[in-house]
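Hi there,

Here is the structure I promised to pass on to you. Could you open it alongside this message and follow along as you read?

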Amino acid sequence: MQELASKYDILKVIGHGGFSAVFKARSKEDPEHVVALKQLDFVLENEDAKEYRDFKNEVEILKRLDHPNIVKIYDEYILDNKPSLEMEYVDGETLESIIQREGYFSIEETLEMITQMASALSYCHHYHTYDTPPQHWLSDSVIINRDAIIHNDINPKNIIRTKNADGGYRYVLIDFGLSFADPDAVRHSKKEDGMAEYKAPEKWRGQLVDTPSDIYSLGIVLYELLVGQVPFPVKDYKQANEMIALEEKHKSAPVPDICRKRMEAIEKKEGQRPETCDIPAWLEMLVRRCLEKNPLSRFKTGRELSQFFYNGLDGKIETQERQAEVIDIDPSMGAKNAGAYIEVEPNILTEGQHFFINKDLVTIGRWNDLPGTIADFGIRTSDRFISKNHCQIVRKPDAADGYRYFLQDKAPSKNGTYFNTEKNSIRLSDTTEVLLKEGDYFWIGNTRLIFHQG
Ligand SMILES: Nc1ncnc2c1ncn2[C@@H]1O[C@H](COP(=O)(O)OP(=O)(O)O)[C@@H](O)[C@H]1O
Ligand SMILES: [Mg+2]
């Protein structure tokens, strides 16, 4: 039996989770050779075990990956009866610890990171394993099939940033996991917990995982780099109800507005709220596209993501003006925008929003990030029961130089508008106009809107 201690000097422990330990180690044979050694916490009975064959096969493929932004795997061994992986030692910090320290990334840093990770994913999402049989290894970590390698565990712990000799940064994707580990054990591990915030809707559904699932996870990482936290954070993985809510959010909740969250993060760190959001509109679109619920609506692979990215940098992505006047609920804003407004009550499908009425006719509908008709007040929601032009508010001058506001549903909407009553009870007819008073409310779909006279 080969012993770790006879082959390496351990310089330090750099990571240990439930299923492996990672060391910085120096080869005894060649003291110049400093490596990262990952030893799986799995005792093998013998070298003919199926698990070991799977492990070897998989490592054989990973060893062939040769890309500056993917950790280089050198070799695999059994040391102290445990499968072990010798790889390039990346001297740096994980994105997780950088975000913890710095709060968020600058736009330039984010662009640099995207350049490199999109390149890494282009490479493995189009990797053709010519000389292996068309197998499909499916694990909780990497997935290898003939035409693609899917990382399947992209998160900020698995991306390390290191400094190049020229002072620039190199981002390296690590932890192309090992499929032979007991899937049940992995499923219940801490590792799975950590992943949950990065896990694509189709994974929650137990559907086929493919390259767009990596795109989703990368999208969550990008969101986190820009705003300092994931779109759907979890406080306690052990709380079943939190996990159920998390699943629901990944499957159907809209992603909280990136610009708003970034401005909040900047305000928190700098003590002053920036006047404008520094995220280019095309970059916001890129992150949103990564985070589409439907995998078919995302970039299919790292290559598509790269193409969009470079088009964005070159100014070739058409962006719409940001939807005007969707204003965060913030009482201090009231003074600036005095006047009547509509408050949207937040729920699992819909973000909390304010909209000030300063036109004679305001159409209210579902905000949609695709080109096409958009209501004056496009509510940021994934509530499919709200139409694009669902209902309208008419403003009329009153005798005292003020205005009166009326609600109508004249288009008429598919699913109805319910004024001061239960949702789905008696809908407004398409000929009715009701006068709105402070505190009046109406339901459209599963979302409640409240009128404020201002
Ligand atoms: N090649 C490497 N170079 C430097 N640090 C590494 C390397 N591989 C892993 N690490 C560190 O060890 C931690 C755990 O390694 P990882 O392969 O992600 O194992 P796990 O399966 O436990 O997530 C990483 O988050 C990183 O901090
Ligand atoms: Mg990891």
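Below is what I found in it, starting with the whole chain and ending with a few backbone details.

**The overall picture**

Please keep in mind that this is a predicted model. The protein has 454 residues, and 37% of them are buried. Its secondary structure comes to 13 helices and 21 strands. If you take the contacts between residues at least 6 apart in sequence, 61% of them join residues at least 24 apart.

**Around ligand 1**

You will probably want to look at the ligand next. The shell around ligand 1 holds 20 residues, and those that come nearest are Gly15, Gly17, Ala36, Val90 and Asp175. Four strands give two or more residues each to this shell: strand 1 (8-16), strand 2 (20-27), strand 3 (34-40) and strand 5 (82-88). Sorted by class, the shell has nine nonpolar, six polar and five charged residues. Both domain 1 (4-88) and domain 2 (93-313) take part, with at least three residues from each.

Asp175 deserves a second look. This residue sits in the loop between strand 11 (169-173) and helix 5 (183-187). Is Asp175 buried or exposed? It is buried, because 23 other C-beta atoms lie within 10 Å, and the cut-off for that label is 20 or more. Its phi is positive, near 60 degrees, although Asp175 is not a glycine.

Lys38 is one to check against the database. An unreviewed UniProt entry places the feature "binding site" at this residue. Lys38 lies in strand 3, and it counts as buried because it has 25 C-beta neighbours inside 10 Å. Leaving out neighbours within four places in sequence, Lys38 is in contact with Ser20, Val22, Ser84, Leu85 and Met87.

**The nonpolar cores**

In soluble globular proteins, nonpolar side chains tend to be buried together. The largest nonpolar core here has 61 residues, and the members that touch the most others are Met117, Val172, Leu222 and Cys290. Which element gives the most to this core? Helix 8 (residues 211-227) does, with 10 residues. Domain 1 (4-88) and domain 2 (93-313) both supply residues to this core, so it lies between them.

Another core, of 27 residues, lies apart from that one, and its members include Val344, Val362, Phe377 and Tyr418.

To see the main core from the inside, try centring your view on Val172. Beyond its neighbours within four places in sequence, Val172 is in contact with Asn69, Ile70, Val71, Val90, Ile159, Ile160 and Thr162. You have already met Val90 above, among the residues that come nearest to ligand 1.

Ser213 is a good companion to that view, as its place is in helix 8. With 24 other C-beta atoms within 10 Å, Ser213 is buried. Not counting residues up to four places away in sequence, Ser213 touches Ile150, Asn152, Ala200, Glu202, Lys203 and Pro295. Asp153 is 60 residues away from Ser213 in sequence, yet the two are 9.4 Å apart in space, C-alpha to C-alpha.

**Two exposed positions**

Ser6 is in helix 1 (residues 4-7). It counts as exposed because it has 10 C-beta neighbours inside 10 Å, where the label applies at 12 or fewer. Ser6 and Glu29 are 23 residues apart along the chain, and their C-alpha atoms are separated by 9.6 Å.

Asp398 is found in the loop between strand 16 (391-397) and strand 17 (403-408). Asp398 also counts as exposed, with 10 C-beta neighbours inside 10 Å. Setting aside neighbours within four places in sequence, it is in contact with Tyr403 and Arg404.

**Backbone details**

Most residues other than glycine have a negative phi, and most peptide bonds are trans. Asp175, with its positive phi, has already come up. Asn424 is another non-glycine residue with a positive phi, near 55 degrees. Asn424 lies in the loop between strand 18 and strand 19 (433-435), and it is partly exposed, with 13 other C-beta atoms within 10 Å.

Which two residues does a cis peptide bond join? They are Ala411 and Pro412, with omega at about -20 degrees. Pro412 has its place in the loop between strand 17 and strand 18 (417-419).

Happy browsing, and all the best!

Note on methods. Residues numbered from 1 in each chain as written. Chains lettered and ligands numbered in written order. Predicted model: local features only at pLDDT ≥ 70, side-chain atom pairs only at ≥ 80, totals over all residues. Near = placed C-beta within 6 Å. Nonpolar A, V, L, I, M, F, W, Y, C, P; charged D, E, K, R; others polar. Domains from an automatic or database assignment. Contact = placed C-beta atoms within 7 Å. Core = buried A, V, L, I, M, F, W, Y, C linked by C-beta atoms within 7 Å. UniProt positions renumbered as here; feature names shortened; annotations may be inferred.
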